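Subject: Structure handover

Hello,

Please find the structure below, with the sequence alongside. My notes on what was found in it follow.

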Amino acid sequence: MNKMTVYADYAATTRVSDKAAAAMAEYLTKEYANPSSLHTPGQRARVAVEDARRKIAKALNADPKEILFTSGGSEADNWAIRGSLAVQAKKGKKHLITTAYEHHAVLEVAEAVEKEGYEVTYIKPDREGLIRPEDVEAAIRPDTALVSIMYANNEIGTVNPIAQIGEICAKHQVLFHTDAVQAFGHVPIDVKAQHIDMLSLAGHKFHAPKGIGC
């Protein structure tokens, strides 16, 4: 009797779809040139990169120039948090607000910047596993540099009220970042309507190859 294996861990990673694998194959074997090169093969690769940038921007209602490619969600989180904190520190703002149940990609950065002289407030989820907007607003201070709250939790699946949190951050003129690695492709996201300044995602969560994020 043959045993059937059922893979039920798509929250961790997904298999590359046949369509994505076919699309990638051309750029792994034929159009492999450096997209920053000025020669013709490089410029053909550049066209493909910019096309991908436009498609991602459209899915998020962002501008293509705002899409920066990374090696995955962890690098994207690091860029967003460390980059914005460095800029805000020059203005005397060295307070970060995040949550107690973020992915390690965020929590480990938060712990690291604490050792570097930043203050971090960790908001706890309520009994339903959600971050309450009023708790975020209560935590904001004059020296708050950034609020970083995950869109959907990778362990319990709760989807946070991102639009409300984003509106609060906009009202207080505080930068807002969300780790949307578990949300992109599953729920509609509009960075402008939801007042999201920075968003992280990883392709391997929705059937793209590993090692791709933005």
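D51 is partly exposed, because its relative accessibility is 30%, which lies between the 20% limit for buried and the 50% limit for exposed. K55, its salt-bridge partner, counts as exposed at 54% relative accessibility. The closest N and O atoms of K55 and D51 are 3.2 Å apart. Both residues belong to helix α2, which covers residues 40-60, and they sit four residues apart, about one turn of the helix. Please keep in mind throughout that this is a predicted model.

Other salt bridges

The pair above is not alone: the search of the whole structure finds 13 salt bridges. One of them links D18 and R15, with 3.3 Å between the closest N and O atoms. Of these two, D18 is exposed at 55% relative accessibility, while R15 is partly exposed at 48%.

A further salt bridge is formed by the side chains of K192 and D63, at 3.6 Å from N to O. What does this pair tie together? K192 is in the loop between β4 and β5, and D63 is in the loop between α2 and α3 (73-89), so the bridge ties together parts that are 129 residues apart in sequence. K192 is partly exposed, with 46% relative accessibility, and D63 is partly exposed too, with 30%. There is also a network: R46, E50 and R53 are joined by salt bridges that share partners.

The sheet

In which order do the strands of the sheet lie? The order is β2-β1-β3-β4-β5, an open sheet of five strands with parallel pairing. At the edges are β2 (119-123) and β5 (198-200), each of which pairs on one side only. On average, neighbouring strands are turned by 20° against each other, direction ignored.

Going through some of the pairs, strand β1 (residues 95-99) and β2 are joined in the parallel sense by five bridges. In this pair T99 stands opposite I123 of β2. Helix α4 (residues 104-115) packs on the sheet and touches β1, β2, β3 (144-148) and β4 (175-179). The direction of helix α4 makes about 145° with that of β2.

β3 and β4 run parallel and are joined by three bridges, with S148 opposite H177 in β4. Together with helix α6 (residues 162-171), β3 and β4 make a right-handed β-α-β unit. β4 and β5 also run parallel, again with three bridges between them; here T178 has L199 in β5 as its bridge partner. As for how covered β4 is, four of its five residues are buried, and the strand is mostly covered.

As background, in a regular strand the side chains alternate between the two faces of the sheet.

Two buried residues

The remaining notes concern T99 and I131.

T99 lies in strand β1. Is T99 buried or exposed? T99 has a relative accessible area of 0%, so it is buried. The side chain of T99 makes a polar contact of 2.8 Å with the side chain of E102. Leaving aside residues up to four places away in sequence, T99 touches L107, Y122, I123, I131, S148 and I149.

I131 is found in the loop between β2 and α5 (133-139). Although I131 lies in a loop, it is buried, with a relative accessible area of 1%. Which residues does I131 touch, not counting those up to four places away in sequence? They are T99, Y101, I123, K124, P125, V136, I149, N160, P161 and I165. I123 and I149 appear in the list for T99 and in the list for I131. By contrast, the C-alpha atoms of I131 and V87 are separated by 26 Å, and these two residues are 44 residues apart along the chain.

Where to look

If you open the structure with these notes beside it, the pair T99 and I123 is one place to begin, since it shows where β1 and β2 stand opposite each other. From T99 you can go on to I131, which T99 touches. The K192 and D63 salt bridge can be found from the loop between β4 and β5.

Regards

Methods. Residues numbered from 1 in each chain as written. Predicted model: local features only at pLDDT ≥ 70, side-chain atom pairs only at ≥ 80, totals over all residues. Heavy atoms only, no water. Pairing = 2+ DSSP bridges. Helix = DSSP H or I, 4+ residues; strand = E, 2+ residues; numbered from the N terminus. Axes fitted to C-alpha atoms, helices over the stretch in contact; angles between N-to-C directions. Contact = heavy atoms within 4.5 Å. Salt bridge = Lys/Arg side-chain N within 4 Å of Asp/Glu carboxyl O. Buried < 20%, exposed > 50% of the residue type's maximum accessible area, 1.4 Å probe, protein only. Right-handed = clockwise from strand over helix to strand, strands pointing away. Polar contact = N/O pair within 3.5 Å; in protein donor to acceptor, adjacent residues only side chain to side chain.
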